[in-house]
Amino acid sequence: MEVNDVYGRSIPVFPIEIPLSVRAAEISSVAKSIFEYDPKGRAAFAYLSLTKEVLAHGC
């Protein structure tokens, strides 16, 4: 089942997908945010898109 099918009626489910990223996995060992560690990476772009979507939704 898809997340939207299970939770879509009770909570907002956003269409943004966060890609798997080795660089994103490395951030916990360097104590930085994804925006500091890999600001031009796909994961950082996806998190930024999700942030904008959530703020636009008023959550």
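Start by selecting Phe-35: with a relative accessible area of 41%, this residue is partly exposed (buried is under 20% relative accessible area, exposed over 50%, partly exposed in between, with a 1.4 Å probe and protein chains only). Before you go further, know that this is a predicted model, where local features need pLDDT of at least 70, side-chain atom pairs count only at pLDDT 80 or more, and totals for chains, interfaces and linings use all residues. Residues are numbered from 1 along each chain as its sequence is written, and side-chain values use heavy atoms, with hydrogens and water left out.

**Stop 1: around Phe-35**

Phe-35 belongs to helix H3, residues 34-37. Helices (H or I, at least four residues) and strands (E, at least two) are DSSP runs, numbered from the N terminus. Now show what Phe-35 touches: setting aside neighbours within four places in sequence, the list is Ala-44, Tyr-47 and Leu-48. Contact here means heavy atoms within 4.5 Å.

Two distances to draw from here. Put one end on the C-alpha of Phe-35 and the other on that of Ala-24, and you get 9.6 Å for residues 11 apart along the chain. Then swap Ala-24 for Thr-51: that C-alpha to C-alpha distance is 12 Å, with the two positions 16 residues apart in sequence. Thr-51 sits in helix H4 and is partly exposed at a relative accessible area of 40%.

**Stop 2: zoom out**

Colour by secondary structure. How many helices and strands does the protein have? The tally is four helices and zero strands, and from the N terminus the order reads α-α-α-α. The radius of gyration is 14 Å, well over the 10 Å that the globule rule gives for 59 residues, so the protein is more spread out than a compact globule. That radius is taken over C-alpha atoms, and the globule rule is 2.2 Å times the number of residues to the power 0.38. Turn the model along its principal axes and the C-alpha atoms fill a box of roughly 40 × 25 × 15 Å.

Of the 59 residues, 14% count as buried. Take the contacts between residues at least 6 apart in sequence, and 44% of them join residues at least 24 apart.

**Stop 3: into H2 and out again**

Select Ser-21 next. Ser-21 caps the N-terminal end of H2, with a side-chain oxygen 3.3 Å from the backbone nitrogen of Arg-23.

Then go to the other side of H2 and pick Ala-31, in the loop between helix H2 (22-30) and H3. What is the phi of Ala-31? It is near 55°, a positive value in a residue other than glycine. Most residues other than glycine have a negative phi. Ala-31 is exposed, at 71% relative accessible area.

**Stop 4: Arg-23 and its partners**

Show the side chain of Arg-23, which is partly exposed at 37% relative accessibility. How many salt bridges does the model have? The count comes to two salt bridges, where a salt bridge is a side-chain nitrogen of Lys or Arg within 4 Å of a carboxyl oxygen of Asp or Glu.

Pick Glu-26 for one of them: its side chain meets that of Arg-23 at 3.8 Å, N to O. Glu-26 and Arg-23 both lie in helix H2, three residues apart, about one turn of the helix. An α-helix has 3.6 residues a turn, so residues three or four places apart point the same way. Glu-26 counts as partly exposed, at 28% relative accessibility.

Now add Asp-38, whose salt bridge with Arg-23 has its closest N and O atoms 3.9 Å apart. This pair links distant parts of the chain: Asp-38 is in the loop between H3 and helix H4 (42-57), Arg-23 is in helix H2, and they are 15 residues apart. Is Asp-38 buried or exposed? Asp-38 is buried, with a relative accessible area of 17%. Not counting residues up to four places away in sequence, Asp-38 touches Arg-23 and Ala-44. Keep Arg-23, Glu-26 and Asp-38 on screen together, since you can see them linked in a network of salt bridges.

**Stop 5: the ring of Tyr-37**

Leave Arg-23 selected and add Tyr-37. The charged end of Arg-23 sits over the Tyr-37 ring, 4.5 Å from its centre. The rule for that asks for NZ of Lys or CZ of Arg within 6 Å of the ring centre and within 35 degrees of the ring normal.

Technical notes:
Polar contact = N/O pair within 3.5 Å; in protein donor to acceptor, adjacent residues only side chain to side chain.
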